[in-house]
Amino acid sequence: MAPQPDAASGTPTGRHARQVRLPQIGEAGQQRLADAHVAIVGIGATGSHLAELLGRAGVGRLRLIDRDIVEPSNLQRQTLFTDRDARDVRPKAVAAAEALNAVDPDLRVEALVTDLTPDNAERLLDGVDLVLDGTDNLPTRFVLNDVCVRERLPFVYVGVVGVEGQCLVIVPGFPCLRCYIPEPPPPGSLPTCDTAGVFGPAVTLITSLAAAEALKLLLGADDVRAGEVAVVDGWRGEVRHLTLRREPDCPCCVAGEQTFLEASAAAEPTVLCGRDAVQLPATAGPPQLDRLAEQWRDQGQVRTSPQMVRLDAGPDLGNRRVLLFADGRMIVGDTDDPAEARSIRARLLGH
Ligand SMILES: [Zn+2]
């Protein structure tokens, strides 16, 4: 909504008044933001900061996509969540949507508790004006890059590990993510937030740069920093920009191959970064959560919500925490061994 002039002083007093005063934004820009629709994929450290910065700036529609729940170890850097969200084991997308609507009830925020895969990526991103990367893994980022290049959707890549953060704005005609990182590196070859940790201020610093570029894209600014990788060192307080060249033989943005999108969804377990947990993909149709919750009561403490069933299992199942989501995925906690996770699923679901 456009800010109303204050009769006494003649200054705008609405929710976004201080931002509307900026010559780069103004009333027309604020309206553009209100009309915009942005998807944020992954609502962890970077995703929750991006969601907060865009939501508070008045980006009218946000689609938050995340597969996981709030954990106590998230709270050091994931500013939209509270200790209560962790205790109540709430899905991140749902907790973030509620937090944003508590800030601004006019925001239209969709919470999708699901894993973005090659099979559903186009459907999940349908209808948005911009895609922001809040993920913690390169395979999902390559799928996002494929969809966005094919659909000519602006995409902002963001990553943070340790004290360093990076972001890159990808728009048609400029280098894409595969011009920067041609192939996913072998598992285990790069540091992750598990092995290297994450410094909260590095997250804040890189997401501020990324959110500024996102707002500029939505405003139609002519000085968006496409084709430049921003690299920040949150410890030393350094910000650098590296100029990136479009690779003349990039398989994605030049040759038009969408290799990662065309791959079928991995029916493979995923070891979740920062979680000491394994995600198992759905094996059949949507589970009957209520019925399973009843069956599992002998196995330990069971809690249910519309999005999932949580089982805090007893010694028979190694005292593990198990989450079964409405989309059929299962997350088995306290292990990084896919075989062990599969065996626990077999005992609980029979397959
Ligand atoms: Zn490219």
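Is D327 buried, exposed or partly exposed? With 28% relative accessibility, D327 counts as partly exposed, because the partly exposed class runs between the under 20% of buried residues and the over 50% of exposed ones. Keep in mind that this is a predicted model, so everything below is read off predicted coordinates.

**The whole chain**

Let's zoom out before going back to single residues. The secondary structure adds up to 13 helices and 14 strands. Along the principal axes, the C-alpha atoms fill a box of roughly 65 × 55 × 40 Å. Why call the fold compact? A compact globule of 351 residues would have a radius of gyration near 20 Å, and the protein comes out at 21 Å, which agrees.

On the packing side, 51% of the 351 residues are buried. If you take contacts between residues at least 6 apart in sequence, 64% of them join residues at least 24 apart. The protein exposes about 16,200 Å² of surface, and carbon and sulfur atoms supply 50% of that. As for charge, there are 36 positive and 48 negative side chains, and the centres of these two sets sit 2 Å apart.

**Two domains**

The protein splits into domain 1, covering 36-262, and domain 2, covering 270-349. Their centres, taken over C-alpha atoms, are separated by 27 Å. The contact between them draws on 17 residues from domain 1 and 16 residues from domain 2.

**Back to D327**

D327 sits in the loop between β13 (321-325) and β14. Apart from neighbours within four places in sequence, D327 is in contact with V113, T114, D115, A282 and P287. A284 is 43 residues away from D327 in sequence, and the C-alpha atoms of the two are 9.5 Å apart.

**A few residues side by side**

Here are some spots along the chain, with the accessibility class of each one.

| Residue | Relative accessible area | Class |
|---|---|---|
| T46 | 7% | buried |
| V89 | 2% | buried |
| V198 | 18% | buried |
| P248 | 58% | exposed |
| D334 | 48% | partly exposed |
| L348 | 6% | buried |

T46 belongs to helix α3, residues 45-56. Which residues does T46 touch once neighbours within four places are set aside? The contacts are D133, G134, T135, V158, V160, V203 and T207.

V198 is a loop residue, placed between α9 (193-196) and α10 (200-219). Its 18% relative accessibility makes V198 buried, because that value falls under the 20% cut-off. Not counting residues up to four places away, V198 touches Q76, R77, V160, G162, C193 and V203. V160 and V203 are also among the contacts of T46. V161 is 37 residues from V198 in sequence, yet the C-alpha to C-alpha distance is 5.5 Å.

P248 gives you a contrast: this proline is exposed, at 58% relative accessible area. Where is P248 found? P248 is in the loop between β8 (238-243) and α11 (259-262). The C-alpha atoms of P248 and Q166 are 23 Å apart, with the two positions 82 residues apart along the chain.

L348 lies in helix α13, which spans 338-349. At 6% relative accessible area, L348 is buried. Leaving out neighbours within four places, the contacts of L348 are L292, W296, Q299, L311, L317, V322 and M330. Q295 is 53 residues from L348 along the chain, and their C-alpha atoms are separated by 8.8 Å.

**Backbone oddities**

Most residues other than glycine have a negative phi. Two residues here go the other way. V89 has a phi near 50°, a positive value in a residue other than glycine, and D334 has a positive phi of about 60° although it is not a glycine.

Both are loop residues: V89 is located between α4 (83-87) and α5 (92-103), while D334 is located between β14 (330-333) and α13 (338-349). How do they sit with respect to solvent cover, buried or partly exposed? V89 is buried at 2% relative accessible area, whereas D334 is partly exposed at 48%.

Notes. Residues numbered from 1 in each chain as written. Predicted model: local features only at pLDDT ≥ 70, side-chain atom pairs only at ≥ 80, totals over all residues. Heavy atoms only, no water. Helix = DSSP H or I, 4+ residues; strand = E, 2+ residues; numbered from the N terminus. Rg over C-alpha atoms; globule rule 2.2 N^0.38 Å. Buried < 20%, exposed > 50% of the residue type's maximum accessible area, 1.4 Å probe, protein only. Contact = heavy atoms within 4.5 Å. Areas by Shrake-Rupley, 256 points an atom, 1.4 Å probe, with all protein chains shown as cover. Lys, Arg positive; Asp, Glu negative; His and termini not counted. Charge placed at Lys NZ, Arg CZ, Asp CG, Glu CD. Domains from an automatic or database assignment.
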